[in-house]
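Student: I should like a close look at a single part of this protein. Please begin with one residue and its surroundings, and then follow the connections outwards in one continuous account.

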Amino acid sequence: MMTTIYEYKDEENWFVGCWGGYNDLHILDRTLFAPPIWQIIRELDMLVPVTDESQGGFSVSVNRFTSDLHLFRFLLDMINHETKRNFELVQHQGAFIVKEGETIRLVHLPQAGLPSTAFLASQESPGMGDSILIATRNEGKTKEFRTLFGALGIQVENLNDYPELPEVPETGMTFEENARLKAETIAKLTQKMVLADDSGLKVDVLGGLPGVWSARFSGPDATDAKNNAKLLHELAMVFDKDKRSAQFHTTLVVAAPDRDSLVVEAEWPGYIATEPKGDNGFGYDPLFIVGEGERHAAELSAEEKNRLSHRGQAVRKLMEVFPAWQAKQS
């Protein structure tokens, strides 16, 4: 019988695993002998104990490691696939909770622990599983965030759930200034954890425009169609593809009452096409040629876009630092 090899790899984490043995661990870089790795292995060994090698358990090699979250998800995905279990990983106030259905099976705490008042349910934080309010009324953008955060057990709301909230003017001159304005203002008004992004398209030959004005590039009554038409007009005399280079940029800010905000950024390089293609996505996606290929962003599936896009990259960066931020600020 062939053995399935499992792998997760990004710039900062690299795990390779297979099923067999006694839930064992191999660390190839001796500098990675960090307590969190051994803690995770011990906890999962108790969750799915192996008493007979023929029954099977996980065997994992850790080549790079910075994130408890990614290692936990990697191992749980392997366990679920091999044992037909349905473990779910949920984040709560800096801890990781492993659920099976409505039953809590395991709670993984940071090395420094957590204040009991931060972890235990209260009127402000009722129940297990965090929620986050996305500071947008754009359902397309919310759908992308819901897919990304949903995999981490974090519930997502948007401003359409709070019609009484005022619009926050985007008066900043940078992406970060605008994202901070939205996140910190709405967090103060709602007393909730809020994520705001300011994203835009930067076209090199236009000196970085439309930039922070991407959503209103064609004027106060801007629509996606009008913005795309204006961009094509601005580039009408630029025929060389290399001179039509561009980047989608996003800055994410997470804010909560009485906490220092968390900021991450990411960019997605590509080119501006001469005509739109694709029916997926929103904004400038129909005109954006992804990387050095030929496909437009609006031709990608939601899964492909989440994997490649500026917003997907930024959220993955956010997830790397989010648990430590949440625990520190609690």
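Tutor: With a relative accessibility of 11%, L165 counts as buried. This description rests on a predicted model. L165 is located in the loop between β9 and α5. Leaving out residues up to four places away in sequence, L165 touches R137, L159, I186, L189 and T190. One of these partners, L189, is 24 residues away from L165 in sequence, while the two C-alpha atoms are 8.1 Å apart in space.

The loop that holds L165 also holds E170, for E170 lies between β9 (155-158) and α5 (175-190). Which residue does the side chain of E170 meet in a salt bridge? The partner is K182, with an N to O distance of 3.2 Å. K182 belongs to helix α5, and the pair links distant parts of the chain, twelve residues apart. The two partners may be described in turn: E170 is partly exposed, at a relative accessible area of 28%, whereas K182 is buried, at 9%. The value for K182 lies under the 20% limit that defines a buried residue, and that for E170 lies between this limit and the 50% above which a residue is called exposed.

K182 also meets D198 in a salt bridge, here with an N to O distance of 4.0 Å. This second pair again links distant parts of the chain, since K182 is in helix α5 and D198 in strand β10 (residues 194-203), 16 residues apart. Both K182 and D198 are buried. The two bridges belong to a network of salt bridges that links E170, K182, D198 and R216. As a general point, side chains of opposite charge can pair when their charged atoms come close. In the whole structure, a search finds 13 salt bridges.

Another of these pairs is formed by D285 and K305, whose closest N and O atoms are 2.4 Å apart. D285 lies in the loop between β12 (262-272) and β13 (288-290), and K305 lies in helix α7 (residues 302-308), so the bridge ties together parts that are 20 residues apart in sequence. D285 and K305 are both buried.

Strand β10, which contains D198, also takes part in the packing of helix α6: the buried residues of α6 pack against β10 and β12. Which residues of helix α6 (residues 224-234) are buried? They are N227, N228 and L231. These residues cover an arc of only 95 degrees around the axis, which puts them on the same side of α6. The face of α6 turned away from that buried side carries the exposed residues A225 and H233.

A further polar position is Q247, in strand β11 (residues 245-255). Is Q247 buried or exposed? Q247 is buried, with a relative accessible area of 16%. The side chain of Q247 makes a polar contact with the side chain of D204, at 3.0 Å. Neighbours within four places in sequence left aside, Q247 is in contact with G200, L201, K202, D204, E267, W268, P269 and F288.

Strand β7 offers a view of nonpolar residues. L106 is found in strand β7 and counts as buried, at 8% relative accessibility. Between L106 and L47 there are 7.2 Å in space, C-alpha to C-alpha, although the two are 59 residues apart in sequence. Apart from neighbours within four places in sequence, L106 is in contact with E43, L44, L47, F72, F96, I97 and V98. I104 is found in strand β7 (residues 103-108) as well, but I104 is partly exposed, with a relative accessible area of 41%. I104 forms a nonpolar patch on the surface with V107 and L109, and together they have about 210 Å² of accessible area.

The chain as a whole gives the setting for these details. The protein chain contains eight helices and 13 strands. Of its 330 residues, 50% count as buried. Among contacts in the chain with a separation of 6 or more, 62% are between residues 24 or more positions apart. The accessible surface of the protein chain comes to about 16600 Å², and 53% of that surface belongs to carbon and sulfur atoms.

Definitions and conventions: Residues numbered from 1 in each chain as written. Predicted model: local features only at pLDDT ≥ 70, side-chain atom pairs only at ≥ 80, totals over all residues. Heavy atoms only, no water. Helix = DSSP H or I, 4+ residues; strand = E, 2+ residues; numbered from the N terminus. Buried < 20%, exposed > 50% of the residue type's maximum accessible area, 1.4 Å probe, protein only. Polar contact = N/O pair within 3.5 Å; in protein donor to acceptor, adjacent residues only side chain to side chain. Contact = heavy atoms within 4.5 Å. Patch = residues over 30% accessible without salt bridge, like charges linked within 9 Å, V, L, I, M, F, W, Y side chains within 5 Å. Areas by Shrake-Rupley, 256 points an atom, 1.4 Å probe, with all protein chains shown as cover. Arc of directions from axis to C-beta.
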